[in-house]
Amino acid sequence: MNSRQQLYQGKQLFGYRYSFLIFFLIILAGFGIEYAGGGRGITAPLFPFNAIIVVELLLFLPLAYYLYRHRKLVQWLTSIPAANASIALYAMLLLIGGTIPAEPYPSSSFIHRAGLDHLFHSWPYFLSSLQLIIILGLTVVKRIFPFTFRNLGFFLNHFGLWMVIVSASLGAGDMQKAVCYLYENHPVSMGVDQRMNPVQLPFSLMLKKFSIEEYHPEIILIDRQKATAYIPWRHPFVAGEEKDSVREFRGHRFVQLQYYPYALYKDSLYVACDTFGAVAAVCLLIDGHRKEWISSGNALHPPRMCVLDSNYFVALTVPKAKKYTSVITCLGKNKSYDFLLQVNKPVTIRGWTLYQSGYDEQKGKWSDLSIIELIRDPWLPVVYAGIIMLLAGAVMLILLTPRSRDKNVSSRVQGQCDEQLNQS
Amino acid sequence: MSFQIIAIIIILCWISGAVFLALGREGSKKKKWGEILFAAGIGAIALYMVFLWIWLKRPPLRTLGETRLWYVFFLSLTGMVLYAGWKMRWMIFYSLFLSLLFLMMNVVHPENFDKTLMPALQSVWFVPHVIVYMFAYALLGASMLVAVKGLWLSFSHQSFSDLSFHADRMVRIGFAFLTFGLLFGALWAKEAWGQYWSWDPKETWAFITWLIYLLYIHFRYHRPGSEVLAMWLLLLAFVLLIVCWMGINYLPSAQSSIHTYTR
């Protein structure tokens, strides 16, 4: 039997069935380990251990490939059936994780013990990711030479994915998250993490001012039987807009007479008043003769609705947030400076990135609290490098799309085998 | 401008266009008219979306119905391009059918046009992320149509030699855009919430969809002869795509997702 026949045999010997079986058994073992551990799960190690693991992978995988590339194990691991089997099983795990709700189950329940309520921090997921990392890594090394344009695309896609998986998984150990509750004029230099442990920050923060811009509320109906909102109009009936225009519903006609974004109830009507506790209020003219005030209400004052008929109330929605901003002072050792924090506009100070997370929604516009989330992710540059590679790889995928069909498909496959024989 | 009126205009353009295209022979006036009517339908959607963008004062990309509109636009455009560029005559009818289906969904589930956009959506990433995804979905939808045709031909024992090649090309480009969408989403998540990945059900399902098309690409490379199996894989992949796009709200994990479409 010549070497070409042997290679074909090698390909068939470790086909899809074999690959699926082996990887499935490994993942099953993962579930076993998880269950045996009572569903404790597995977390990424901290620096320097995670970095050491990455360095070991970067050394071990190329070395293993060059030393053992003639062995059947390596040939199998760098084959497509192995890749596809591990991708498919990984996807199946994700399917489970993406369907089961994320709430924690009781620690004695089977779901928790098997790791199903924390699948992405469980042994089966870890082993499945490890399969991918090893297969991807070996495959990258296999195709790194020669340096052709085509191989560049392959390298960007595969090594990019490898980098993202490795750095996201291992880097998670070093990620720190803290939540800071900033009250106006109260400097704070500590946050709380997810486990309610205090996190010391290398700076102090003080909220100077919190401001919020809101959308105008809408006039809606409430179904009296079902106690749910009912919107009979295709275009929202927004307070303050369409003055004098008439909206109709089942014979009733509505006209907005007055709208106050901030008002207080006094002497059976609403008076414009921009103070703490004010609510949005609208005066409606119903059916040409009924004048009714409705208001959104807030934590201090209940909403005010009016009866339309036996089936519906008319009500005003709570105004939705459009934009909220915190003016924060950062107090360092020698100097302090102010900065603005908004959603989608994070600010980075001394390695910590600050995100506008929330505010006191009960007080709304008069919130004297700004909730900030601080995140420290030292592995982020590595993840970003992987993401950039994947983006570039995707561009190459488009650029290298074949223009015309190969006349002879089998000759292409033949060509690949020759290529592999020449490389080994 | 009522959506119902626009929808009727589009439906009339497309159905009459399809009839002309089907009846007209190569180079005939009928065929030319068919092409013009089809293009007019696409133009009508584009105009409506521009109008909607201006009227809403925000990009019309937030609700499920709005993304469906973009899908109809991209899918019909893709059908037109594939027909014109790759001479895939049947593609225009298939993409028309699918586009009309999605258009009817919007007619049956009319939108409550809400001009609000929550702070998290006010980002430079919002438009690229959703548009890139809708374009990818359109291409992958077209590849699904190829798979359907291929399977139909194989069931009736006819050859379908060129189809796999076309499907492969559509999947390659669709997959590349799927990659863009996934990564733009991660970069946006980092800006908005501080984490590029949080295993939110929508993210997880987007990843699953990405993986299954990855599987298809690898399988086609490895076993180019197994075309029927590849086509079944393409169908399965599209089912998962639809689950990711529209089905998240119905999954048990939906309550913990921040991606469930509003209204």
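**Exercise 1. In this predicted model, work out the strand order of the open sheet of 4 strands in chain A, and find which strands lie at its edges.**

Solution. The open sheet of 4 strands in chain A follows the order β5-β4-β12-β11, and its pairing is antiparallel. The edge strands are β5 (228-230) and β11 (306-307) of chain A, each of which pairs on one side only. As background, strands of a sheet pair through backbone hydrogen bonds, either parallel or antiparallel.

**Exercise 2. Describe how strand β4 of chain A is joined to β12(A) and to β5(A).**

Solution. Begin with the pair β4 and β12: strand β4 (residues 219-223) of chain A runs antiparallel to strand β12 (residues 312-316) of chain A, and 5 bridges join them. Within this pair, Ile220(A) stands opposite Ala315(A) of β12(A).

Next take the pair β4(A) and β5(A), which is also antiparallel and extends over 3 bridges. Here Ile222(A) has Ala229(A) in β5(A) as its bridge partner. The hairpin formed by β4(A) and β5(A) has 4 residues between the strands, and in this hairpin Ala227(A) takes a positive phi near 55°.

**Exercise 3. State which residue ranges make up the domains of chain A, and how far apart the C-alpha centres of domain 2 and domain 3 lie.**

Solution. According to the domain assignment, chain A has domain 1 (3-174 + 379-423), domain 2 (176-213 + 322-376) and domain 3 (216-319). The C-alpha centres of domain 2 and domain 3 of chain A are 35 Å apart.

**Exercise 4. Decide whether Leu61(A) and Ser295(A) are buried or partly exposed, and describe the surroundings of each residue.**

Solution. Leu61(A) is placed in helix α3 (residues 49-68) of chain A. Because 19 C-beta neighbours lie inside 10 Å, whereas a buried residue needs 20 or more, Leu61(A) counts as partly exposed. Apart from neighbours within four places in sequence, Leu61(A) is in contact with Gly137(A), Leu138(A) and Val141(A). The C-alpha atoms of Leu61(A) and Leu136(A) are separated by 9.7 Å, although these residues are 75 residues apart along the chain.

Ser295(A) is placed in strand β10 (residues 290-295) of chain A. With 25 other C-beta atoms within 10 Å, Ser295(A) is buried. When residues up to four places away in sequence are not counted, Ser295(A) touches Tyr270(A), Val279(A), Ala280(A), Ala281(A), Pro303(A), Arg304(A) and Leu316(A). From C-alpha to C-alpha, Ser295(A) and Gln200(A) are 44 Å apart in space, with their positions 95 residues apart in sequence.

**Exercise 5. Characterise the packing of α3(A) against α8(A) and of α6(B) against α7(B).**

Solution. Two packed helices are described by the angle between their axes and the distance between the axes. In chain A, the axes of α3(A) and helix α8 (residues 149-171) come within 10 Å and cross at roughly 155°. Because this angle is over 145 degrees, α3(A) is roughly antiparallel to α8(A). The crossing is right-handed, and Asn50(A), Ile53(A), Val54(A) and Leu57(A) of α3(A) meet Val166(A), Leu170(A) and Gly171(A) of α8(A).

In chain B, helix α6 (residues 161-193) and helix α7 (residues 201-222) pack at an angle of about 150°, with their axes 10 Å apart. That angle makes α6(B) roughly antiparallel to α7(B), and their crossing is left-handed. Among the residues that meet are Phe175(B), Leu178(B) and Leu182(B) on the α6(B) side, and Phe207(B), Trp210(B) and Tyr213(B) on the α7(B) side.

Key
Residues are numbered from 1 along each chain as its sequence is written. Chains are lettered from A and ligands numbered from 1 in the order in which they are written. This is a predicted model: local features need pLDDT of at least 70, side-chain atom pairs count only at pLDDT 80 or more; totals for chains, interfaces and linings use all residues. Two strands pair if DSSP finds at least two bridges between them. Helices (H or I, at least four residues) and strands (E, at least two) are DSSP runs, numbered from the N terminus. Domain bounds come from an automatic or database domain assignment. A residue is buried if 20 or more other C-beta atoms lie within 10 Å of its own, exposed if 12 or fewer, and partly exposed in between; C-beta atoms are placed from the backbone. Two residues are in contact if their C-beta atoms, placed from the backbone, lie within 7 Å. Axes are lines fitted to C-alpha atoms, for helices over the stretch in contact, and angles run from 0 to 180 degrees between N-to-C directions. Angles under 35 degrees count as roughly parallel, over 145 as roughly antiparallel, 65 to 115 as roughly perpendicular and the rest as oblique. A crossing is left-handed if the near helix is turned anticlockwise from the far one by less than a right angle, and right-handed if clockwise.
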